[in-house]
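Here is a friendly tour of one protein model, taken a few residues at a time. Keep the structure open beside you as you read.

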Amino acid sequence: MNQRLRDLYTHVSVHATADREHEAALELLLLVMMADRHISTQEIDEIRHISDDSGWETETFSFDQYIGAASAKVRHALAEHAVDELLDDIDQRVASTVLRAALFSAARDVAGADHSVDADEETLLGQIAARFD
């Protein structure tokens, strides 16, 4: 799967939109991780692994530099019960059909990384499948 993701993402987005899409994808994966209000090392490691394998790290985008801002954005959406609005925003920023097709699989991988998928994560995965699968 890892090589498949790398092959799919190679040269998919133009530089003008790639950072926006990678930011949106990271936000989505963090949303999945935080949906159950529990953050596990396994889930964050899985997100980092997906980012690395997908080739998101560039001169202009860094997982380590964006994770703080993305986490704050996701926490705010959860606290304000604005998950649908965040999903709408993410949906609008991800134009690449290849990335859109891979997001549900990546989200499912993150949800299952800690070997526990609760009802909130299941609901969110359903919403992601409806939008991106």
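Let us begin with Gly112, which counts as partly exposed because its relative accessibility is 30%, a value between the cut-offs of 20% for buried and 50% for exposed. Gly112 belongs to helix H6. Try finding Val32 as well: Gly112 and Val32 are 80 residues apart in sequence, while their C-alpha atoms are 10.0 Å apart in space. Please keep in mind that this is a predicted model.

**The nonpolar core**

Now look inside. The largest nonpolar core has 38 residues. Those with the most contacts inside this core are Leu26, Leu29, Leu30, Leu31, Ile47, Leu124 and Ile128. Two or more residues come from each of these elements: helix H2 (15-34), helix H3 (41-54), helix H4 (63-79), helix H5 (83-93), helix H6 (97-112) and helix H7 (119-132). H2 provides the largest share of the core, ten residues. This fits a broader pattern: in soluble globular proteins, nonpolar side chains tend to be buried together.

What does Leu26 touch, not counting residues up to four places away in sequence? Its partners are Ile47, Trp56, Phe61, Phe63, Tyr66, Ile67 and Ala70.

**Two buried serines**

Serine counts as a polar residue, yet two serines of this model are buried. Ser71 sits in helix H4, and Ser71 is buried because its relative accessibility is 11%, under the 20% cut-off. A polar atom of the Ser71 side chain lies 2.8 Å from the backbone oxygen of Ile67. If you set aside neighbours within four places in sequence, Ser71 is in contact with Leu30 and Met34.

Ser51 is found in helix H3. With a relative accessible area of 0%, Ser51 is buried too. Residues up to four places away in sequence aside, Ser51 touches Trp56, Glu57 and Phe63.

**Two residues with a positive phi**

Most residues other than glycine have a negative phi. Two residues here are worth a look for that reason, as phi is positive in each: about 65° in Arg37 and near 65° in His115. Where do they sit, and are they buried or exposed? The table shows the answer.

| Residue | Place | Phi | Relative accessible area |
|---|---|---|---|
| Arg37 | loop between H2 and H3 | about 65° | 55%, exposed |
| His115 | loop between H6 and H7 | near 65° | 75%, exposed |

Arg37 and His115 count as exposed because their values, 55% and 75%, are over the 50% cut-off.

**A pocket to explore**

Arg37 appears once again, in the lining of the second largest pocket. About how much space lies in the second largest pocket? The volume is about 160 Å³. Besides Arg37, the lining includes Leu31, Ala35, Leu78, Val83, Asp120, Thr123, Leu124 and Gln127. H7 gives the most to this lining, with four residues. Sorted by class, the lining has five nonpolar, two polar and two charged residues.

Two names from this lining, Leu31 and Leu124, should look familiar: they are also among the residues with the most contacts inside the largest nonpolar core.

Note on methods:
Residues are numbered from 1 along each chain as its sequence is written. This is a predicted model: local features need pLDDT of at least 70, side-chain atom pairs count only at pLDDT 80 or more; totals for chains, interfaces and linings use all residues. Side-chain values use heavy atoms; hydrogens and water are left out. A nonpolar core is a set of buried Ala, Val, Leu, Ile, Met, Phe, Trp, Tyr and Cys residues joined through side-chain atoms within 4.5 Å. Buried means under 20% relative accessible area, exposed over 50%, partly exposed in between (1.4 Å probe, protein chains only). Contact means heavy atoms within 4.5 Å. A polar contact is a pair of N or O atoms within 3.5 Å; within protein, one must be able to donate a hydrogen and the other to accept it, and residues adjacent in sequence count only if both atoms are side-chain atoms. On a 1 Å grid over the protein atoms alone, a cavity is a set of points where a 1.4 Å probe fits but cannot get out, and a pocket is an open set with protein on both sides within 12 Å along at least five of seven lines; lining residues have an atom within 4 Å of a point. Grid points are joined across faces, edges and corners, and a volume is the space filled by probe spheres set on the points.
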